[in-house]
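User: I have a chain open here and would like to talk it through with you, starting with the annotation and then going into the fold. Could you take me through it piece by piece?

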Amino acid sequence: MQSSEQRDPVCGMSVTAESAAAQAEHEGRTYYFCATGCRTKFVADPGRYLKPDGNASDPAARADATYTCPMHPEVRQVGPGTCPKCGMALEPESGAADPDDGELRDMTRRFVVAAALAAPVVVLAMGDMVLPGDPIRSAVGARLGGLLELALATVVVWWAGWPLLVRGASSVRRMHPNMFTLIGLGVGVAYVQSTLAVLAPSIFPDAFRRHGGEVPLYFEAAAVIVTLVLLGQVLELRARNQAGGAIRALLDLAPKTARRVTAEGEDDVPLDTVQVGDRLRVRPGEKVPVDGTVLEGRSSVDESMVSGEPVAVEKTAGDAVVGGTVNGSGSLLVEAAKVGDATLLARIVQMVAQAQRSRAPVQNLVDRVSAWFVPSVVLSSLIAFGVWALVGPEPRLAYALLASVSVLIVACPCALGLATPMSIMVATGKGAQVGVLFRDAEAIQSLREVDTLVVDKTGTLTQGAPAFDKVLTVADGDPQRVLRLAAALERDSEHPLAKAILEGAKARGVEAVRAESFEAITGKGVVGRVDGLDVALGNGALMADVGASTTELEEQAATERDLGATVMFVAAGGELAGAITVIDPIKESTPEAIRKLKAAGLRIVMLTGDAQRTAGAVAKQLGIDDVVAEALPQDKLALVERLQSEGARIAMAGDGINDSPALARADVGIAMGTGTDVAMESAAVTLVKGDLGGIVKARRLSELTMANIRQNLVFAFGYNAAGIPVAAGVLYPFTGWLLSPMFAAAAMSLSSVSVILNALRLRAADLDD
């Protein structure tokens, strides 16, 4: 026995055997679908939609997926449904890859039918007002015309408008009045009064009748209201679909399969079957399937998805690759390090989805207003009815009904409900496109209020990894020889400084020969034999141990240290040969970002665990006046708390585990996407590219978004403030004009469209201004 209500296995919508647009048999069971398109997908691959754990490639398809309301994110449930507060269809919390929206298809179908049937209702009701000679009344007669209007309007109201009526009734039952409450009341009153006027006109008193004795009909108002509200729903759903395009674009970056390499050979396997440790072949032009490490091969990889830079990055054995990036002309063998929800791409998708469904603090104001708005509108509608019934012209009750219905319809707070969430959805999508990930809407609102930016040095202002800088030589010394001796000692070392020296030697065509009798001396450096000579690489203390005087290079070394460099002396045969300097280079984008941030009025404070000399050198190059050096994690947290106690609004930017406490305590924590997972989890904003230029874009986006929200609220509040008095008839004594419910519905829909279009403007925003 099939239950009366089932779930469409493809899109998750609730359907019944009677309302289903299609059905299909599978393994002895009948499945029902909201549209033929869903049936086609199901028949092509039933297993995809009937797996116990759903479609692994699309989290939204899982039967146990959590769904939430886009306008009320506190509403959450397992599986699809409708929001008890606003009546909107719930959406998967994790974001869906498939833009095919069952609710959008359903609303579109209902709108098309409603528009097709509402048009003749309007012609029957109002055609004689614009056509000379009353041709419609002459052709069909008043009685038949009324019956035709009743038949057509019944389909529009009770079939096309059924979801609206259900949501209205649900809002009353759950004591959460909303726009559907007002729509249901307005449409219901207009339809019931008109139906009684056609079927039992004798029950109406004279106060309801026109001068000819006819009871006025408002079928055209009910039909057009339903049609316009459905149009508004279609436009809103399409806008939400477009706003979610950023998530779908990210999800589309991931390939559907991976080529797994085993002892038996290579096979293409579904992406969801890849495990950590699997070896994967990435052929030329293919997308990297998961985050991993290159084992073999050399190629250039397009990492613009992560960095935003169009220039491909060279990858060789030992280099990390990110899932979703595009391999160039070479072939790579990659070991999977992170799969599924642990990959960077999956985490980005989750952060964007979470932010789009979060609430900005400004939404609390809207909620407080909405709590009393709907009851106030109902009261205003009753007052309008009473005033017109008492002192209005004849037929007083007809005018009273017209005014009260117009007030109910014109005041529908749909624009008010859309004002904040639409802007947040579009803004988070825009941010994701430029590499700025907001954890929630509060971060978007708070970032524009920040007046002080505390930045960690290593990995935030600088690259975070040592790089070879230059060779210092004694008089008549050979820089190539000095670099060759240093590279030979560091050839087999895993120390970061050793890697920097070796990369510097390689870049300059210097061969790193193997040293003999190699020994590392703790706290001093390394020694060994190269080309038959005793060679030492390290600090001044090591030079003293091997009898080499550093006096000749001390002045140059001090200058380099003042610039933030690490200096390592090189001695050969007991004589000083030169020195190697290694630096943590400042990121190319940092100086311009600091300039823009200071121009925007932000106070910049450098906070680092490095020595005062190194920190001061970097700060001097960047024009940063406030420097706190040699700071421990607790010192960083204490500084943030002290600045906050002085009244500053703090944004903290960092990338390491030691930055996490300060990131969590700051008003807005900003993590570099190139940093640690702990830092990203502690922060409200993540910069995927990992440079301060992202903060400039994030702050600009915050400013534009809040301005957009304010504009939307002005549209919504201003429209209602002007529309309700006009609908109630305050202009009638001066102009003789009373707003028809039909035009009230048009005005109400226009306000929602204006809010939607204004929010979508953020997609074209220039964040580099």
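**Annotated spans and fold**

Analyst: The unreviewed UniProt entry places the feature "transmembrane region" at residues 111–132, 144–166, 178–204, 216–235, 369–391, 397–420, 713–732 and 738–760. Please keep in mind that the model is predicted.

User: What is the helix content over residues 144–166, and how far apart are the end C-alpha atoms?

Analyst: Residues 144–166 are 96% helix and 0% strand, with the end C-alpha atoms 30 Å apart. For residues 216–235, another span in the UniProt record, the chain is 85% helix and 0% strand, and the end C-alpha atoms lie 32 Å apart.

User: And the chain overall, how many helices and strands?

Analyst: The chain has 27 helices and 29 strands. Of its 769 residues, 50% count as buried, and among contacts between residues at least 6 apart in sequence, 66% join residues at least 24 apart.

User: Where does S376 sit, and is it buried, partly exposed or exposed?

Analyst: S376 belongs to helix α11, which covers residues 362–391, and it counts as partly exposed because its relative accessibility is 27%, which falls between the 20% and 50% cut-offs. Its C-alpha atom is 10.0 Å from that of A411, a residue 35 positions away along the chain.

User: Switching to sheets, what is the strand order in the one with six strands?

Analyst: That open sheet runs β9-β8-β10-β16-β11-β14, with antiparallel pairing. The edge strands are β9 (265–270) and β14 (320–321), each of which pairs on one side only. Within the sheet, β11 (residues 291–297) and β16 (residues 332–338) are antiparallel and share six bridges, and E296 has L333 in β16 as its bridge partner.

User: There's a sheet of three strands too; which strands stand at its edges, and why do they count as edges?

Analyst: The order in that open sheet is β13-β12-β15, again with antiparallel pairing. β13 (313–315) and β15 (326–327) are the edge strands, because each has a single partner strand and so one side of each is left without a neighbour in the sheet. Two bridges link β12 (residues 299–302) to β15 in the antiparallel sense, and D302 stands opposite V326 in β15.

User: What about β23, mostly covered or mostly open?

Analyst: Strand β23, residues 566–572, is mostly covered, with six of its seven residues buried. It pairs antiparallel with β22 (residues 533–538) through four bridges, where A536 stands opposite A571, and antiparallel with β24 (residues 575–583) through seven bridges, where V567 stands opposite T581.

User: How many residues lie between β23 and β24?

Analyst: There are two residues between them in what is a hairpin, and G573 in that turn has a positive phi of about 65 degrees.

User: Which residue that is not a glycine has a positive phi of about 65 degrees?

Analyst: D476 does, although it is not a glycine. As background, most residues other than glycine have a negative phi. D476 is in the loop between β19 (467–473) and α16 (479–490), and it counts as exposed because its relative accessibility is 83%. D531 also has a positive phi without being a glycine, in this case about 55 degrees. That residue lies in the loop between β21 (525–530) and β22, and its relative accessibility of 54% is why it counts as exposed.

User: Then there's D456: buried or exposed?

Analyst: D456 is buried, because its relative accessible area is 5%, which is under the 20% cut-off. The residue is in strand β18 (residues 452–456), and its side chain makes a polar contact at 3.3 Å with the side chain of K636.

User: Last topic, helix packing: at what angle do α20 and α25 cross?

Analyst: The axes of α20 (residues 590–599) and α25 (residues 693–728) cross at roughly 35 degrees and come within 8 Å. The contact is made by A593, K596 and L597 from α20, together with G693, I695 and V696 from α25.

User: And how does that contact break down by residue class?

Analyst: The contact of α20 with α25 has four nonpolar residues, one polar and one charged.

How values were computed. Residues are numbered from 1 along each chain as its sequence is written. This is a predicted model: local features need pLDDT of at least 70, side-chain atom pairs count only at pLDDT 80 or more; totals for chains, interfaces and linings use all residues. Side-chain values use heavy atoms; hydrogens and water are left out. Axes are lines fitted to C-alpha atoms, for helices over the stretch in contact, and angles run from 0 to 180 degrees between N-to-C directions. Contact means heavy atoms within 4.5 Å. Ala, Val, Leu, Ile, Met, Phe, Trp, Tyr, Cys and Pro count as nonpolar, Asp, Glu, Lys and Arg as charged, and the others, Gly among them, as polar. Two strands pair if DSSP finds at least two bridges between them. UniProt positions are given in the numbering used here, feature names are shortened, and annotations may be inferred rather than shown by experiment. Buried means under 20% relative accessible area, exposed over 50%, partly exposed in between (1.4 Å probe, protein chains only). A polar contact is a pair of N or O atoms within 3.5 Å; within protein, one must be able to donate a hydrogen and the other to accept it, and residues adjacent in sequence count only if both atoms are side-chain atoms.
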